[in-house]
Amino acid sequence: MQKILVTGGLGYIGSHTVVALQEAGFEVVIIDDLSNAEASVLSGITRISGTTPLFEKLDLRKKDSVAAFFKNHSIDGVIHFAASKAVAESVENPLLYYENNLHSLVYLLQECAQNGIQNFIFSSSCTVYGEPDSLPITEDAPVKQAISPYGNTKQISEEILMDTCKATSLKAISLRYFNPIGAHDSAEIGELPKGVPQNLVPFITQTAAGLRTTLSVFGADYPTADGSCVRDYIHVVDLAEAHVKALQRLLTNESQTPYEVFNLGTGKGSSVLEVIKAFEKVTGQKINYQIVDRRPGDVVAVYADTKKALEVMGWRTQRSMENALASAWKWERKVRGI
Ligand code: UD1
């Protein structure tokens, strides 16, 4: 059995990917510092797959601990999720973001080189495209000046990977996520934001659950069909399955170049108001919302060109936005006991 290290494997996308890896027959070892995840996620994973992955609580900024980890495990591939991801927090505390997101990557790559591990998958983001010149966005679209330190860490990380692939025998794939939403169908794992959610769908489900009184729609005067921003919302289980495809691509030496990049999206853009309407329709829950000022840093519209992921990697989404919204609500109800 091939053994895959998943950093940040108890987080939102990480936990769904762990399940997908187990279902595909991989052994998984998780590193997580529990800074934005609960240890109980491990039980949720076990209830779905029947197998408890190995888990080490470890802070990837501690170089010696990272080195010690690799001495104890023989790893075939790494999927690196562990990172801070709150855009506003990164503006307030940029050094925390540069330290956390970049040191961890560098230490992991040094250990990969040291231990002959050649297969590396990185969590990137469509945020690297900034405000795109044309839609849908292809992987060739220019990387624009980052709006936040968080976004900048994703761009710098991609450059670190590109340079490392040129200089060493590393093969890496950066997966640029659009907007992941939803939860595992079983409602055993899902998104667990700490404090007030910054992202749209957790805010919607918490409003429906009565934890928040009103959802603020950040702007309805954008140049889009209904005036609200447009995003490409992708089911987190589809996203998880793409990681397995990408990993298999590396393990079977199918990469065309040592460093590759793929968009992971549905190819369809939905506005904030459309998401609210779709949620109301699939769940029967009315969402109390008001239109407020634009949120600084938001781009008008982004959605993926999905051709490369399909033609090169043989991956496309299987699940609808409605399905994702229904699963997000099922998960929220389970968490709140309603
Ligand atoms: C952001 C980041 C992205 C990051 C992702 C996950 C940017 C440009 N994007 O995506 O890189 O990977 O978060 O953390 O930095 N909205 C509301 N009301 C709310 C919340 C959101 O109207 O209460 C709107 C936003 O204005 C936006 C859409 O919903 O138009 C989606 O917002 P959000 O879920 O925060 O994701 P992004 O900003 O697209």
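**Note on the predicted model**

1. Cys-165 is buried, at 5% relative accessible area. The classes used throughout are buried (under 20% relative accessible area), exposed (over 50%) and partly exposed (in between), with a 1.4 Å probe and protein chains only.

2. Ground rules come next. The model is predicted: local features need pLDDT of at least 70, side-chain atom pairs count only at pLDDT 80 or more, and totals for chains, interfaces and linings use all residues. Residue numbers start from 1 along each chain as its sequence is written, and side-chain values use heavy atoms, with hydrogens and water left out.

3. How many disulfides are there by the rule? The rule asks for a pair of cysteine sulfur atoms within 2.5 Å. The count is zero. Cys-112 takes part in no disulfide, and its nearest cysteine sulfur, on Cys-165, is 10 Å away. Cys-165 is in no disulfide either; the nearest cysteine sulfur to it is that of Cys-112, at 10 Å. Cys-112 is buried, with a relative accessible area of 2%. For reference, a disulfide is a covalent bond between the sulfur atoms of two cysteines.

4. Now the ligand. Its shell holds 19 residues, where a residue counts as near if one of its heavy atoms lies within 4 Å. Which of them come nearest? They are Leu-200, Ser-216, Arg-231, Arg-295 and Asp-298. By residue type, the shell has nine nonpolar, six polar and four charged members. In that scheme, Ala, Val, Leu, Ile, Met, Phe, Trp, Tyr, Cys and Pro are nonpolar, Asp, Glu, Lys and Arg are charged, and the others, Gly among them, are polar.

5. Where does the ligand sit relative to the domains? It lies between domain 1 (3-181 + 234-266 + 307-313) and domain 2 (200-229 + 268-306 + 321-336), because both give residues to its shell. Those bounds come from an automatic or database domain assignment. Among secondary-structure elements, strand S8 (residues 215-218) supplies the largest share of the shell, with four residues. Elements are DSSP runs numbered from the N terminus: helices are H or I with at least four residues, strands are E with at least two.

6. Polar contacts to the ligand follow. The criterion is a pair of N or O atoms within 3.5 Å; within protein, one must be able to donate a hydrogen and the other to accept it, and residues adjacent in sequence count only if both atoms are side-chain atoms. A side-chain N or O atom of Ser-125 is 3.1 Å from a ligand oxygen. The backbone of Gln-198 places an N or O atom 3.4 Å from a ligand oxygen. A polar backbone atom of Ser-216 is 2.7 Å from a ligand nitrogen. Alone, the ligand exposes 750 Å², and the protein buries 88% of that. Accessible areas are from the Shrake-Rupley method with a 1.4 Å probe; for residues, only the protein chains shown count as cover.

7. Three backbone features deserve a check. Most residues other than glycine have a negative phi, and most peptide bonds are trans. The bond joining Leu-135 and Pro-136 is cis, with omega about -10 degrees. Pro-136 is in the loop between strand S5 (119-125) and H6. Ala-187 has a positive phi, near 60 degrees. Its loop runs between strand S7 (179-181) and helix H7 (200-208). Asn-253 also has a positive phi, about 60 degrees. That residue is in the loop between helix H8 (236-251) and strand S11 (259-264). Are the two positive-phi sites buried or exposed? Ala-187 is buried, at 2% relative accessible area, whereas Asn-253 is exposed, at 57%.

8. Some C-alpha distances can be spot-checked. Val-201, in helix H7, is buried at 4% relative accessible area. Val-201 and Ala-328 are 127 residues apart in sequence and 7.8 Å apart in space. Ile-156 belongs to helix H6 (residues 149-167) and is partly exposed at 25%. The C-alpha atoms of Ile-156 and Tyr-98 are 9.5 Å apart, with 58 residues of separation along the chain.

9. Two further pairs complete the list. Ala-24 is in the loop between helix H1 (12-23) and strand S2 (27-32). At 38% relative accessibility, Ala-24 is partly exposed. From Ala-24 to Phe-122 the C-alpha distance is 19 Å, across 98 residues of sequence. Asp-305 is in the loop between strand S13 (289-292) and helix H10 (307-313), and is buried at 14%. Asp-305 and Asp-32 are 273 residues apart in sequence and 32 Å apart, C-alpha to C-alpha.
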